[in-house]
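Work through these exercises with the sequence and the model side by side. Try each task before reading its solution.

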Amino acid sequence: MKIFSRAKKFAVSHKILSAIIIVVLAGAGYGIYRNSSGSEAQTRYVLGKVSNGTLVSSVTGTGQVAASEQTNITPNVSGDEITSILVKAGDEVVKGQAIAYIDSTAATKAVSNAQLSYESAVLEYEKAEKENRAQQSDSSTSDIKKAYETGYNTLANAFIDLPAIFMGVNDIYYTPAHSPYFSDNNLNIRAGQIAVNYKLQAGVTFDQAKRDYEKAFVEYKALSPNSSPEKISSLLESTQSILKQLLSSLSGTYSTIEYVNDKYTSAAPSEMASDKSQLSGYISKVNSNSSSVQNAITGIENAQDSSTTSDLGMRSADLAKSKAADALSDAKTALADHVVRAPYSGLIAKVSGKVGDKASAGTAIATIISKDMLVSITLNEIDAAKVKNGDKVTLKFDALDDLTLQGHVSNVDLVGTVSQGVVSYSVEIAFDQNDARVKPGMTVNAEMVSSSKSNVLLVPSSAVKTTGGKSYVQVMSGGNPVDKEVTIGSSDDFSVEILSGLAEGDQIIARTITTTATAAQSSSLLNGLTNRNRNGANSGTRVMTGNATFSAPAGATSGGSFQQVQVITR
């Protein structure tokens, strides 16, 4: 279309010259047609030289410019009214910039209520924390501290009473002069074997209690008010066990004496009444100490429970405070969501919302595009296999004749799209530099350099011929073309790499042209109109020596240089 447009402009501005050219072309065409069947064919050889150059392979494609990112900006809240929109299409914005405001009356109130709830939860936590610290500390106000002090004092009282009790009962059992009636023989005579058995059962229990007491007394002597709670608790438990055994032994001994006393028909021994009275006093003291020890144990357990309760209370208050903090954070987030912000820096492409509309989380208020552009093209599977990420690209624009930009391939789809049996791949091209004149949607012609080999021997593609799997080029020898076998390498649309068979500077036949005499004359006539008698030669010359030009089609990329050639007509 560009060629036709330029031709039209030329024709309008050079009317006379255009008319002459049209007449000459028509005449030449008629002459060629009239004489073609009887004219003698002529062969012309365009000569060139093997050159050293760079072989560049490229792939071309057409696509459109697009923004690298495009996003619909939607609010995070629904139902509230849009109170203001701060941007219009075409505005440039930065990330985080306010785009619109949504009515936040209810959200502001929710934040205020959440703030009050959080402050109340903080006060409750501080109170619970203070109570817990008091319970866990060693201060005089600590319930645990008091409980262990009571436990230690209870042990002290018990170990004051216990030595006299053990000594008194020991005399009854093991000192014959103290209680002569209590010997096994006297018991058997007076009350039989049953009395002896009663004494034996009570005595075994007493002996075990005495052994446990002696062990516990060693621990007690090492104990102090500052001893660890574990030691105090352990000794309380041991002492309670000893007191229970001792109480059982005392009761058994008293019952044995009572049983024997009933067997006397005359007055009982005076020692018997004294022992019963002593045992009765011992039983009272042991009961009292046992109750005190149990109360101390229970007091420690209650204090520990109280500490645990205070700890749980603090944890519960801490959890309530955390929940209140989360609720406050959520309320603040909901309030912040009433300001709609740009997700990234870019340009506002479109504003969809209006003031007074109800905000909806699924409805866009505006559309933003990034300032960075890319080109999207589609290639067939053959061309797509030739390109890769990073390949250099030259970009030209239909709407901007004077602009050429450089870019690079940034992405090639791994999976192709099949349409009517044809596989195609989408390719994205990133600009190396931005230009404000480039707009999304513009048509782009992209030339991608897929490979490049430098310092190679090159000949034009038209010079290489292949027969029977072998390649050759023609050289002039004695005025006649001669085939010369060569080994070829890579190629593009216009040049072929020569691996062996030729050297740089070798002259070759770059192109063979066969025409009729009439066609040659018509061509000479056209040449005469534009450049009459160039170099003083006439159109009928059989051999032309000098410089001619061999060049690739317009817009093509050529790897070699073949400008200096000779044209020989035979």
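The exercises go from the whole chain to strands, helices and single residues.

This is a predicted model, where local features need pLDDT of at least 70, side-chain atom pairs count only at pLDDT 80 or more, and totals for chains, interfaces and linings use all residues. Residues are numbered from 1 along each chain as its sequence is written, and side-chain values use heavy atoms, with hydrogens and water left out.

**Exercise 1. Describe the protein chain as a whole.**

Step 1. Start with the elements: the chain has ten helices and 21 strands. Helices (H or I, at least four residues) and strands (E, at least two) are DSSP runs, numbered from the N terminus.

Step 2. Turn to burial. Of the 570 residues, 34% are buried. Buried means under 20% relative accessible area, exposed over 50%, and partly exposed in between (1.4 Å probe, protein chains only).

Step 3. Look at the surface. About 32,500 Å² is exposed, and carbon and sulfur atoms supply 51% of it. These areas come from the Shrake-Rupley method with a 1.4 Å probe; for residues, only the protein chains shown count as cover.

Step 4. Check the contacts (heavy atoms within 4.5 Å). Take those between residues at least 6 apart in sequence: 77% join residues at least 24 apart.

**Exercise 2. Work out the order of the four-stranded open sheet.**

Step 1. The order is β3-β9-β8-β5, with antiparallel pairing. Two strands pair if DSSP finds at least two bridges between them.

Step 2. Find the edges. They are β3 (70-73) and β5 (92-93), each pairing on one side only.

Step 3. Follow β3 to its partner. Four bridges join β3 to β9 (residues 366-369). Isoleucine 73 faces alanine 366 of β9.

**Exercise 3. Trace the two hairpins that share β17.**

Step 1. Begin with β16 (residues 465-467) and β17 (residues 470-477). They pair antiparallel over three bridges. Lysine 465 sits opposite tyrosine 472 in β17.

Step 2. Inspect this turn. Two residues separate β16 from β17, and glycine 468 has a positive phi of about 60°.

Step 3. Move on to β18 (residues 480-491). It pairs antiparallel with β17 over seven bridges. Here methionine 476 is opposite proline 481 in β18.

Step 4. Inspect the second turn. There are two residues between β17 and β18, and glycine 478 takes a positive phi near 65°.

**Exercise 4. Describe how α4 and α6 pack.**

Step 1. Two packed helices are described by the angle between their axes and the distance between the axes.

Step 2. The axes of α4 (residues 143-174) and α6 (residues 193-221) come within 11 Å and cross at roughly 145°. Axes are lines fitted to C-alpha atoms, for helices over the stretch in contact, and angles run from 0 to 180 degrees between N-to-C directions.

Step 3. Name the contact residues. Among them are Phe159, Phe166 and Tyr173 of α4, and Phe206, Tyr213 and Phe217 of α6.

Step 4. Sort the contact by class: 16 nonpolar, two polar and three charged residues. Ala, Val, Leu, Ile, Met, Phe, Trp, Tyr, Cys and Pro count as nonpolar, Asp, Glu, Lys and Arg as charged, and the others, Gly among them, as polar.

**Exercise 5. Decide whether lysine 276 and isoleucine 382 are buried or exposed.**

Step 1. Lysine 276 lies in helix α8 (residues 270-336). Its relative accessible area is 16%, so lysine 276 is buried.

Step 2. List its contacts, leaving aside neighbours within four places in sequence: Tyr254, Ile257, Glu258 and Asn261.

Step 3. Isoleucine 382 lies in helix α9 (residues 381-384). Its relative accessibility is 58%, so isoleucine 382 counts as exposed.
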